[in-house]
Amino acid sequence: MNLADSESLARRLLAAGYSEAPDLERADIAVLNTCVVRQASEEKVYSKLHELRSWKSPERTIALTGCLVGKEGNTLLSRFPHLDAVVPIGDYDPFLRDLEARYDWAQGEPLPAAGRTLVSHYINVIQGCDHNCTFCIVPKVRGREVHRPMAQVVKECRQAVQEGAREVILLGQNVDDYHDPATGAGLAALVSAVSEIEALLRVRFMTSHPQDLEPELLRVMAANPKVAHELQLPVQSGDDLILRRMARGYQMRHYLAIVNEARGLMPDLGLYTDVIVGFPGESEEAFLNTRRLLQEVEFDVVHLAQYSPRPGTHAGEKWLDDVPAEEKRRRINDLLQLQREIAARRSARWLGRTAEVLIEGSDQLGRPYGRNRQGKRVTVLRSRVQPGELVTVSVTEATPGHLAGPRAC
Ligand code: SF4
């Protein structure tokens, strides 16, 4: 979501005549896009803001956008006097007008291009979220859901493809809830409509919600060769009692039924999830249920987080953070170790097989890389390929999070 927001603001700035600086030292304007999903993310913003104090000068502008604006608003300006502007997500016009008044265009010097990659176009199709998970600050900082008209989304994607994008990533905090405001057509219809754009090679979407995922979407994924076989389906806990306390709106048997149906249709599905350990009231038994879930489902990737209470959330304000920090660490380390072994097995299944890889760019060693249809990163060895190409790779190397191999003959 943050990448999409950054991209959207960058596009507005580029359209207004600004250019992207190759590094901070040659920039006039720094924009921090912020995340507050965890306390650690928020701390990172404050530390970056402190760092920027020595960079700041009267000619330079520091602006801050993203979820911290929704949470703290204009109080940030008084707390950080070197901060020039707070920019609400999506409301960029006043900021652009202020910049225009501030900078003398005649004095600008052309900068070398910073090398943006436009292979993947991120597009927000829903802003906000209508759920109220008890641990989550998102509905408070991003508000209730706002759905973009399907025709507008398709038009923007078509334009991105004309400009060179080969992949579109449809985004929403809960993308499965998407519906066209006029017709009510859902995500499956949107994915199908976007996939019809000529020269577009791949459509991805994230993040799904087990309560809202429509079966039709799985059928479209399985049948449409342009749609990724990748599902980002956060489970958060493998314990029904904790799921109820989290107000997730589903139980384990429902989640497992979706996984079974999806894998029945797409045996090669890439399955990604999020898990929180140490949620208030998480007993050893509840934790072991989550552990068993990881063993049973064998996800490709599990984004693990220790619970941290967020002010403004139900759990943060009403419930005691009763799992001691040391115990949270033990639980997360246990799951990290378990998941490393599972991910290594999942990756090893690719050895000797071919993967269809959309090239995104080059790594620090100059080797092309991209993602396969299942969302896993793949490095192309000893082959010359260009960003935007869809190539077949013979997988000869596999680590838990990564595959590699030469282009297949
Ligand atoms: S569905 Fe996701 S974004 Fe919405 S409240 Fe729950 S965790 Fe937060």
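Reader: How many bridges join β12 to β15, and how do the two strands run?

Author: In this predicted model, Leu-358 of β12 has Leu-390 as its bridge partner in β15. The two strands run antiparallel. The number of bridges that join β12 to β15 is five.

Reader: Which residue in β13 stands opposite Ile-359?

Author: Strand β12 covers residues 354-362 and β13 covers residues 368-372, and five bridges join them in an antiparallel run. Along this pairing, Gly-361 stands opposite Tyr-369. The residue opposite Ile-359 is Gly-370.

Reader: Which residue in the turn between β12 and β13 has a positive phi?

Author: β12 and β13 form a hairpin, with five residues between the strands. One residue in that turn has a positive phi of about 80 degrees, and this is Gly-366.

Reader: Which strands stand at the edges of the sheet?

Author: The sheet is open, has six strands with mixed pairing, and follows the order β15-β12-β13-β14-β17-β16. A strand at an edge has a single partner, so one of its sides is left without a neighbour in the sheet. The strands in that position are β15 (390-394) and β16 (397-399).

Reader: By how many degrees are neighbouring strands of this sheet turned against each other on average?

Author: The sheet in question is the open one with the order β15-β12-β13-β14-β17-β16. With direction ignored, the average turn between its neighbouring strands is 35 degrees.

Reader: Why do the buried residues of α12 line one face of the helix?

Author: Helix α12 (residues 284-297) has 14 residues and reaches 20 Å from its first C-alpha to its last, close to the 20 Å expected. Its buried residues are Ala-286, Phe-287, Thr-290 and Leu-293. An α-helix has 3.6 residues a turn, so residues three or four places apart point the same way. Seen down the axis of α12, the buried residues line one face because they fall within an arc of 110 degrees.

Reader: Which exposed residues does the face of α12 turned away from its buried side carry?

Author: The buried side of α12 includes Phe-287 and Leu-293. The face turned away from it carries the exposed residues Glu-284, Glu-285 and Glu-296.

Reader: How many charged residues does the shell around the ligand have?

Author: Among the residues that surround the ligand are Cys-129, His-131, Asn-132, Gln-173 and His-209. By class, the shell has five nonpolar and five polar residues. The number of charged residues in the shell is none.

How values were computed
Residues are numbered from 1 along each chain as its sequence is written. This is a predicted model: local features need pLDDT of at least 70, side-chain atom pairs count only at pLDDT 80 or more; totals for chains, interfaces and linings use all residues. A residue is near a molecule or strand if its C-beta atom, placed from the backbone, lies within 6 Å of it. Ala, Val, Leu, Ile, Met, Phe, Trp, Tyr, Cys and Pro count as nonpolar, Asp, Glu, Lys and Arg as charged, and the others, Gly among them, as polar. Two strands pair if DSSP finds at least two bridges between them. Helices (H or I, at least four residues) and strands (E, at least two) are DSSP runs, numbered from the N terminus. Axes are lines fitted to C-alpha atoms, for helices over the stretch in contact, and angles run from 0 to 180 degrees between N-to-C directions. The expected span of a helix is 1.5 Å times one less than its number of residues. A residue is buried if 20 or more other C-beta atoms lie within 10 Å of its own, exposed if 12 or fewer, and partly exposed in between; C-beta atoms are placed from the backbone. The arc is that of the directions from the helix axis to the C-beta atoms.
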